[in-house]
Structures are given as C-alpha cells and as structure tokens.
Amino acid sequence: MKVISYNLRKHRAVGELVELDERYSPDLICVQEIDTADLPRHFGRLELARSTTANRLGLAVYYRADSYELRDVRAIALKKSLHDRVAKPAHERLVGVRLLDRQADRELVVASFHAAPLTALNSLRRHQIKAALGELQLLGPGLPTLMVGDYNYPIFKDNLAEKVREVGYELTLSDSRTYTRYKVFRGHFDLATSVGLDIDSVETLPRGSSDHLPILVDASYSTGAVAGETHQIDEIA
C-alpha cells in the first residue's frame, strides 16, 4: 500500500496532485491545508473519500475506488490551540477513513492529520495525537491503522516516538527533511504513525510549490496481531 501525505500550503499546491498520482501511483493521498470550496472530487484514479467542512484550512483523503471500498469516514475536531481560537484556521484536524482492501480482503483505517501550529506547545500536539489515535480506534477497533500528515513537531521527536510506542504504535520519519522554510524549525514535520502495518519506507518527494515536501509511505500488513482495543491511549499525554 502506497500513501502520499502533502500539506498544500493554503491550497497553492493543489495542482500538483495529478502529477503525484501519475508519477507514483499511490493507493491514497492525504492532504492538509486544502480549500474545500475548490476541491476536486476526483483526479486520475483517485476519488474523494471525505474532506473537512468547517475549516478555513481543510483536510481530505483520496483513495483508489478500484482497489478499495469505502466503509466509513469521519471528520473529527480536536482540542484547540490559542491560534485556533483567534485565527480559526481549523476546527477539524483529523479525517479518518475505514476501507476494505479488495485484493487482501481485509479492512484498515487511513487518516489525514494536521496538528496545531508552531505557536502551540508540544504538549498540546501530543494531546491531539492521543485524541486522534483514540478516535481512529473507534472508527476501526483492532484494525491496521496509518495516520499521516503535518505533525508540526519540530523538536524532541524521540520523546514523541517513545510515548507513541508505549501505547503500541510506531512513529516513522521520512528519509530526509520535509520542511525547510524557517532556519530554526527545519526538520521532519510530516510523519507517519501506524499499528498493524510494517512501514517499508517513507520517502520525502521532490519539492513543489508548498513549503512542505510531500512524503510517500510504503506499507504492508504485519503478520502479528493488532491489539488496538487494548492500547492505553491516555498515556501519551
């Protein structure tokens, strides 16, 4: 399974989605900072599963309908930062889809996530990650799950990875930096969190017109059991 995640920088990189589909043939594309009022319903082989509706900077998930059957989908609000309350860029920061993989004949959950901006504390972003994983468990209890997106987590990612690992998930960085706009905050902002999946690779793709570089996640189903119902999600905070 190949999944691309891309922060479109206030919709300006939306025209690059067709090229990404043609070049990399992903099964899903998860986007952040998209204008949902100017949202393509489909492009190439990909169809829109769901987008946020209450955001100025929206999220969306596209999937290959010939390979996957859409079973359920949810757009979810998470705890707001001060920036969210004042500037109101995003009410919903998570879009999760539950899919049937037609070839493998098994279900999974894939989500597009956008954490609070850099003006917020890492502790708030950890709270949002915790809440997002909890919501995805409700969407697909015990199912293989992949959450990709803009985590806005510039430093102390080792600590975040440890917290995520304690509750049964894995945090995976790409092979090179995904954000280079500011000298102080350069690094891996676009990440993947997973359970029940082996992450074979996470590749940072060439730069487009966004300040983020897209990432391409290549994942396969784990042979081990997925114990999503038993995770102690509250321990991430």
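Okay, let's start with a hairpin: strand 4 and strand 5 form one, with six residues between them. Before I go on, keep in mind that this is a predicted model.

Those two strands run antiparallel, and five bridges join strand 4, residues 46-51, to strand 5. To pick out one pair, Arg 50 has Val 61 in strand 5 as its bridge partner. Strand 5 also pairs with strand 2, residues 28-34, again antiparallel, through six bridges. There, Val 31 stands opposite Ala 60 of strand 5.

So how many of the residues in strand 5 are buried? Seven of its seven, across residues 58-64. Now, in a regular strand, side chains alternate between the two faces of the sheet. Here, Gly 58, Ala 60, Tyr 62 and Arg 64 point one way, Leu 59, Val 61 and Tyr 63 point the other way, and all are buried.

Over to helix 4, residues 157-166. Its buried residues include Lys 157, Leu 160, Ala 161 and Val 164. Why do they sit on the same side of helix 4? Because they cover an arc of only 100° around the axis. And what covers them? Helix 3, strand 10 and strand 11 are among the elements that do. Just after the helix, Gly 168 takes a positive phi of about 95°.

Stepping back to the whole protein, we've got four helices and 13 strands. Of the 237 residues, 57% are buried. And if you take contacts with a separation of 6 or more, 65% of them come from residues 24 or more positions apart. Last one: the accessible surface is about 10200 Å², with 47% of that belonging to carbon and sulfur atoms.

Technical notes. Residues are numbered from 1 along each chain as its sequence is written. This is a predicted model: local features need pLDDT of at least 70, side-chain atom pairs count only at pLDDT 80 or more; totals for chains, interfaces and linings use all residues. Side-chain values use heavy atoms; hydrogens and water are left out. Buried means under 20% relative accessible area, exposed over 50%, partly exposed in between (1.4 Å probe, protein chains only). The arc is that of the directions from the helix axis to the C-beta atoms. Contact means heavy atoms within 4.5 Å. Accessible areas come from the Shrake-Rupley method with a 1.4 Å probe; for residues, only the protein chains shown count as cover. Two strands pair if DSSP finds at least two bridges between them.
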